[in-house]
Amino acid sequence: MKCDVLTLFPEVINAYLNESILKRAQENNILEVKTYNFRDFEEGRHKSVDDAPYGGGPGMVIKPEPLFKAIDFIRQDGEQRRIILLSPQGKPFDQSTAKEFSKEKKRLVFICGRYEGIDERVRISLVDEEISIGDYVLTGGELAALAIIDASARLVKGAVGDERSVEEESFSWGLLDYPHYTRPREFRGLTVPEVLVSGNHKEIWRWRRKQALKQTIEKRPDLFDKITLSEFDKKLLEEEDK
Ligand code: 4FV
């Protein structure tokens with residue numbers, strides 16, 4: 001998975017990517033992330049990348065020139081690219097998009113806005129797709145770019161230690177996750193469900209599937225409505241809890 005991140009704060013991106021799983025993924029050439037400060041592509045003494053909005057109103061808008069020049073520059077290597085703008089107007093990001101990006105052969109270019117946003121001509125002429133990580137307004141697109149790179153890169157084969165942890169995670173079934181427990185067996189009077197220490201892997205699997213289904217019904221009925229219940233799931237949900 002190869003990415004370019006256009007941002008006014010490359011250190012924010014590098015700081016997060018320089019830890020843990022994502023750091024190792026870069027060391028193992030599973031993930032490559034290049035950051036570009038698009039202020040570097042602005043001429044003029046002040047290198048100002050923003051200006052007042054036409055039509056008036058509060059705040060500032062990022063000018064088209066530095067972003068067009070930055071994209072022209074990175075495209076010189078002739079590599080195929082998908083140019084992604086992070087914004088609240090974008091298509092909601094989800095696990096299926098993460099899966100798609102984890103397999104993408106083209107370089108993913110993330111444009112991180114700041115201020116009120118970027119000049120519309122960037123979106124019209126350069127952007128292939130717009131993505132949102134949620135219905136709220138951030139101060140910048142960096143967190144959105146990091147969330148998308150994180151959720152996608154961890155699905156690349158070899159990124160996480162045990163592949164099962166991404167294959168078997170409930171979201172890959174379209175469900176919320178089942179509860180997780182670890183030692184101690186009893187903590188402040190709170191105990192671990194018997195089935196999980198029974199060694200009966202079939203029963204453990206049934207319990208986890210049932211918990212994932214129940215959690216999704218309770219917490220995310222919108223997600224539950226999207227899944228097709230198997231006969232097994234229907235019987236599981238009808239069964240009384242042991
Ligand atoms: C955002 C989001 C987001 C909008 C103005 C950056 C900010 C500022 N990006 N999902 N929600 N972006 O709020 O992706 O330029």
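**Exercise 1. Which residues make the nonpolar surface patch of about 280 Å²?**

Solution. The model is predicted: local features need pLDDT of at least 70, side-chain atom pairs count only at pLDDT 80 or more, and totals for chains, interfaces and linings use all residues. Residues are numbered from 1 along each chain as its sequence is written, and side-chain values use heavy atoms, with hydrogens and water left out.

- Step 1. Apply the patch rule: residues have over 30% relative accessible area and no salt bridge, like charges are joined within 9 Å, and nonpolar side chains (Val, Leu, Ile, Met, Phe, Trp, Tyr) within 5 Å. A salt bridge is a side-chain nitrogen of Lys or Arg within 4 Å of a carboxyl oxygen of Asp or Glu. Areas come from the Shrake-Rupley method with a 1.4 Å probe; for residues, only the protein chains shown count as cover.
- Step 2. Read off the members: Tyr-136, Leu-138 and Leu-143.
- Step 3. Place Leu-143: helix α6 (residues 142-153) holds it. Helices are DSSP runs (H or I, at least four residues), strands likewise (E, at least two), numbered from the N terminus.
- Step 4. Classify Leu-143: it is exposed because its relative accessibility is 54%. The classes are buried under 20%, exposed over 50%, and partly exposed in between (1.4 Å probe, protein chains only).

**Exercise 2. Find the aromatic pairs and describe the one of Tyr-36 and Phe-73.**

Solution.

- Step 1. Set the cut-offs: rings of Phe, Tyr and Trp (its six-membered ring) pair if their centres lie within 6.5 Å; planes under 30 degrees apart are stacked, over 60 edge-to-face, the rest tilted.
- Step 2. Search the whole structure: 3 aromatic pairs turn up.
- Step 3. Take Tyr-36 and Phe-73: the centres are 6.4 Å apart, the planes 70 degrees, hence edge-to-face.
- Step 4. Locate the partners. Tyr-36 lies in strand β2 (residues 32-37) and Phe-73 in helix α3 (residues 64-74), so the pair ties together parts 37 residues apart in sequence.
- Step 5. Compare cover. Tyr-36 is buried at 16%; Phe-73 is partly exposed at 40%.
- Step 6. Extend the group: Tyr-36, Phe-41 and Phe-73 form one aromatic cluster.

**Exercise 3. Which backbone atoms lie by the ligand's nitrogen atoms?**

Solution.

- Step 1. List the surroundings: of 17 residues around the ligand (a heavy atom within 4 Å), Arg-114, Ile-133, Gly-134, Tyr-136 and Leu-138 come nearest.
- Step 2. Read the distances to a ligand nitrogen: 3.0 Å from a backbone N or O atom of Ile-133, 3.1 Å from a polar backbone atom of Gly-134, and 2.9 Å from a backbone N or O atom of Tyr-136.
- Step 3. Check the cover: the protein covers 95% of the 370 Å² of accessible area that the ligand has on its own.

How values were computed. A polar contact is a pair of N or O atoms within 3.5 Å; within protein, one must be able to donate a hydrogen and the other to accept it, and residues adjacent in sequence count only if both atoms are side-chain atoms.
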